[in-house]
Amino acid sequence: MLNLLGATENLGWTITLIVLIALMVVYLIFGTINRKKAQEQAMKMLSDLKKGDKVVTNAGIYGEIVSQKETNMGKIVVIKTGEDGGKASYITVNASVILGIDTKEDLLLDEQGNVIEPEQIKEKVINNSLGDKGEDKEPEQQPEEKQESKKTVKKKSSTKKKTATN
């Protein structure tokens with residue numbers, strides 16, 4: 001009896017160990033796939049860089065690409081980082097330090113200092129333009145009136161035809 005109980009205890013540990021190893025293998029496989037995808041996207045972004053693109057580096061430097069050239073050490077990029085008093089500042093870096101294309105946008109704030117989302121601005125503009133013109137109710141009423149006037153015209157024309165044939 002002791003052997004049977006001991007065998008079941010060892011079986012439980014064996015199953016747990018197998019499950020943990022399987023989870024580690026799955027984690028490593030998915031990690032490798034995601035890392036390859038990210039690396040491909042980064043390489044595509046670096047190959048698509050052109051003069052005038054606004055970029056951000058790994059160090060957090062924002063700027064605009066002024067020129068680029070290929071060297072034996074890789075692609076070298078000159079970035080214009082800003083202007084102060086008519087003098088521009090530039091930095092020359094290897095393209096591999098470019099984190100991505102700069103997509104930052106200025107935030108719009110209301111009177112209380114809350115951020116206004118672009119969707120809210122569109123809704124306000126649409127509501128204000130419709131509210132000022134009063135077009136909400138008129139388009140619905142106009143088609144009904146036109147349909148009634150067409151019906152009356154048809155009736156009149158049908159009576160004229162009857163009188164002409166009689």
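**Questions about a predicted model**

Reader: At 14% relative accessibility, does Asp53 count as buried or exposed?
Author: Happy to start there, with the reminder that this is a predicted model. The relative accessible area of Asp53 is 14%, and the cut-off for burial is under 20%. Asp53 therefore counts as buried.

Reader: Where in the chain does Asp53 sit, in terms of the elements on either side?
Author: Helix α1 covers residues 2-47 and strand β1 covers residues 54-57. Asp53 falls between these two elements, so it belongs to neither run under the numbering of DSSP helices and strands. Its place is the loop between α1 and β1.

Reader: Which residue forms a salt bridge with Asp53?
Author: In general, side chains of opposite charge can pair when their charged atoms come close. For Asp53, the closest N and O atoms of the pair are 3.4 Å apart, and the cut-off is within 4 Å. The side chain of Asp53 also reaches a backbone nitrogen of this partner, at 3.1 Å. The partner, partly exposed at 48% relative accessibility, is Lys50.

Reader: Setting aside residues up to four places away in sequence, which residues does Asp53 touch?
Author: Asp53 is buried, so it is natural to ask what surrounds it. One of its contacts is Asp48, a residue that counts as partly exposed at 43%. The full set is Asp48, Gly63, Glu64, Ile65 and Ile101.

Reader: How many salt bridges does the model have?
Author: We have met Lys50 with Asp53. Another joins Lys44, exposed at 54%, to Asp48, with the closest N and O atoms 3.0 Å apart. Lys80 and Glu83 also meet in one, at 2.7 Å from N to O. The count comes to three.

Reader: In the salt bridge of Lys80 and Glu83, which residue counts as exposed?
Author: The cut-off for exposed is over 50%, with partly exposed between that and 20%. Lys80 has 25% relative accessibility, so Lys80 is partly exposed. At 55%, the residue that counts as exposed is Glu83.

Reader: In what order do the helices and strands of the protein run from the N terminus on?
Author: A good moment to step back to the whole chain. The secondary structure comes to three helices and seven strands. Residues 24 or more positions apart account for 30% of the contacts with a separation of 6 or more. The order of the elements is α-β-β-β-β-β-β-β-α-α.

Reader: Over how many bridges do β3 and β4 pair?
Author: Strand β3 takes in residues 74-84 and strand β4 residues 87-94, and the two pair in the antiparallel sense. Among the bridge partners are Gly82 with Ser89 and Asp84 with Lys87. The strands form a hairpin with two residues between them, and Gly85 in the turn has a positive phi of about 65°. The number of bridges is eight.

Reader: Which residue in β3 stands opposite Gln68?
Author: Strand β2, residues 62-71, pairs with β3 in the antiparallel sense over seven bridges. A hairpin joins β2 to β3 through two residues. Opposite Gln68 in β3 stands Val77.

Reader: Which residues does Ile98 contact, leaving aside its neighbours within four places in sequence?
Author: Ile98 is found in strand β5, residues 98-101. With a relative accessible area of 5%, it falls under the 20% cut-off and is therefore buried. Its contacts are Met45, Leu46, Leu49, Val55, Val56, Thr57 and Val77.

Reader: What distance separates the C-alpha atoms of Ile98 and Ile61?
Author: These two residues are 37 residues apart along the chain. In space, the separation between their C-alpha atoms is 9.2 Å.

Reader: What is the area of the nonpolar surface patch that includes Phe30?
Author: Phe30 lies in helix α1. At 51% relative accessibility it is above the 50% cut-off, so Phe30 counts as exposed. The patch is made by Leu17, Ile21, Val25, Val26, Ile29, Phe30 and Ile33. Its area is about 630 Å².

Reader: What share of the accessible surface of the protein belongs to carbon and sulfur atoms?
Author: Of the 166 residues, 11% count as buried. The accessible surface comes to about 14,600 Å². The share of carbon and sulfur atoms is 58%.

Conventions. Residues numbered from 1 in each chain as written. Predicted model: local features only at pLDDT ≥ 70, side-chain atom pairs only at ≥ 80, totals over all residues. Heavy atoms only, no water. Helix = DSSP H or I, 4+ residues; strand = E, 2+ residues; numbered from the N terminus. Buried < 20%, exposed > 50% of the residue type's maximum accessible area, 1.4 Å probe, protein only. Contact = heavy atoms within 4.5 Å. Salt bridge = Lys/Arg side-chain N within 4 Å of Asp/Glu carboxyl O. Polar contact = N/O pair within 3.5 Å; in protein donor to acceptor, adjacent residues only side chain to side chain. Areas by Shrake-Rupley, 256 points an atom, 1.4 Å probe, with all protein chains shown as cover. Pairing = 2+ DSSP bridges. Patch = residues over 30% accessible without salt bridge, like charges linked within 9 Å, V, L, I, M, F, W, Y side chains within 5 Å.
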